[in-house]
Amino acid sequence: MPPEVVSEEPESTLAGSRMVEELLAVHRPLRADIVVLGCALEILTDATGDHSAVPEMINGLTIADFVWQLRLNCDYYCNVLTAHHSLEDHRMFPVMLRTFPELASAIERLYAEHADVVDLIRETRSATANLTTEPDTVDRARVAVSVLADHLTAHLDFEESTLFPYFRRMDSDWHYG
Ligand SMILES: [Fe+2]
Ligand SMILES: [Fe+2]
């Protein structure tokens, strides 16, 4: 008798699979872009280093333009992240809590992590708004982005591992709930 095939993914409703894919599609660029921003600031930190890779990272700009572009990109990134967390706070978490009361403590943690991100975003915005080619301004921005990246990556990991098993049990999307 052939061995039983065990699916690695637990069974999912159609709505659940869609919700998992949709949240991953939002989280993917959040994860990827903060790595690029961090790398660009790392390169810029080394004033005597080779900056030739930097323009390639943001479409062939000059180094002088790059600082300006980096400020805009960091600001834009912070806006997207803030909007994503606001949607989760006001729409997704309430639906999940109402549907699965046993998620209360995990969702409390997710809310608290979003609140921490608000502070980290404030520092990132301020540090990158003041970014010039002066080494201390570059270093402040590099540290701010690095701290935000660490916190955010851990948060996204926890959010996905906590919510996805519950998404997979749902018959309708939280957007409609
Ligand atoms: Fe979140
Ligand atoms: Fe999220």
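**Notes on a five-helix chain**

1. Let's start with one residue: Thr 137 sits in helix 5. Bear in mind that this is a predicted model. Is Thr 137 buried, exposed or partly exposed? It counts as partly exposed, because 17 other C-beta atoms lie within 10 Å, and a residue needs 20 or more to be buried and 12 or fewer to be exposed.

2. What does Thr 137 touch, leaving aside residues up to four places away in sequence? Its contacts are Asn 130, Leu 131 and Thr 132. There is also a link in space to a distant part of the sequence: the C-alpha atoms of Thr 137 and Thr 45 are 9.2 Å apart, although 92 residues separate the two along the chain.

3. Now step back to the whole chain. You'll find five helices and zero strands, which reads as α-α-α-α-α along the sequence. Of the 177 residues, 23% are buried. If you take the contacts with a separation of 6 or more, 72% of them join residues 24 or more positions apart.

4. Helix 5 has 33 residues and spans 46 Å from first C-alpha to last, close to the expected 48 Å. Helix 1 has 32 residues and reaches 47 Å, close to the 46 Å expected for it.

5. How do these two helices meet? The axes of helix 1 and helix 5 come within 9 Å and cross at roughly 165°. Angles over 145 degrees count as roughly antiparallel, and helix 1 and helix 5 are therefore roughly antiparallel to each other. The crossing of helix 1 past helix 5 is left-handed.

6. Next, the inside. The largest nonpolar core holds 21 residues, and Leu 37, Leu 41, Ala 141 and Val 145 have the most contacts within it. Helix 1 (14-45), helix 3 (63-99), helix 4 (104-129) and helix 5 (135-167) each provide at least two of its residues. A second, separate core has 11 residues, including Met 19, Ile 107, Leu 110 and Leu 163.

7. Val 145 is worth a click in the viewer. Leaving out residues up to four places away in sequence, Val 145 touches Ile 34, Leu 37, Gly 38, Leu 41 and Thr 124.

8. Last, look at which residues are buried along each helix. In helix 1 they include Ile 34, Leu 37, Leu 41 and Leu 44. In helix 5, Ala 141, Val 145, Leu 148 and Leu 152 are among them, as are the charged-letter entries Arg 142 and Glu 159. An α-helix has 3.6 residues a turn, so residues three or four places apart point the same way.

Terms used. Residues are numbered from 1 along each chain as its sequence is written. Chains are lettered from A and ligands numbered from 1 in the order in which they are written. This is a predicted model: local features need pLDDT of at least 70, side-chain atom pairs count only at pLDDT 80 or more; totals for chains, interfaces and linings use all residues. A nonpolar core is a set of buried Ala, Val, Leu, Ile, Met, Phe, Trp, Tyr and Cys residues joined through C-beta atoms within 7 Å. Helices (H or I, at least four residues) and strands (E, at least two) are DSSP runs, numbered from the N terminus. Two residues are in contact if their C-beta atoms, placed from the backbone, lie within 7 Å. The expected span of a helix is 1.5 Å times one less than its number of residues. Axes are lines fitted to C-alpha atoms, for helices over the stretch in contact, and angles run from 0 to 180 degrees between N-to-C directions. Angles under 35 degrees count as roughly parallel, over 145 as roughly antiparallel, 65 to 115 as roughly perpendicular and the rest as oblique. A crossing is left-handed if the near helix is turned anticlockwise from the far one by less than a right angle, and right-handed if clockwise.
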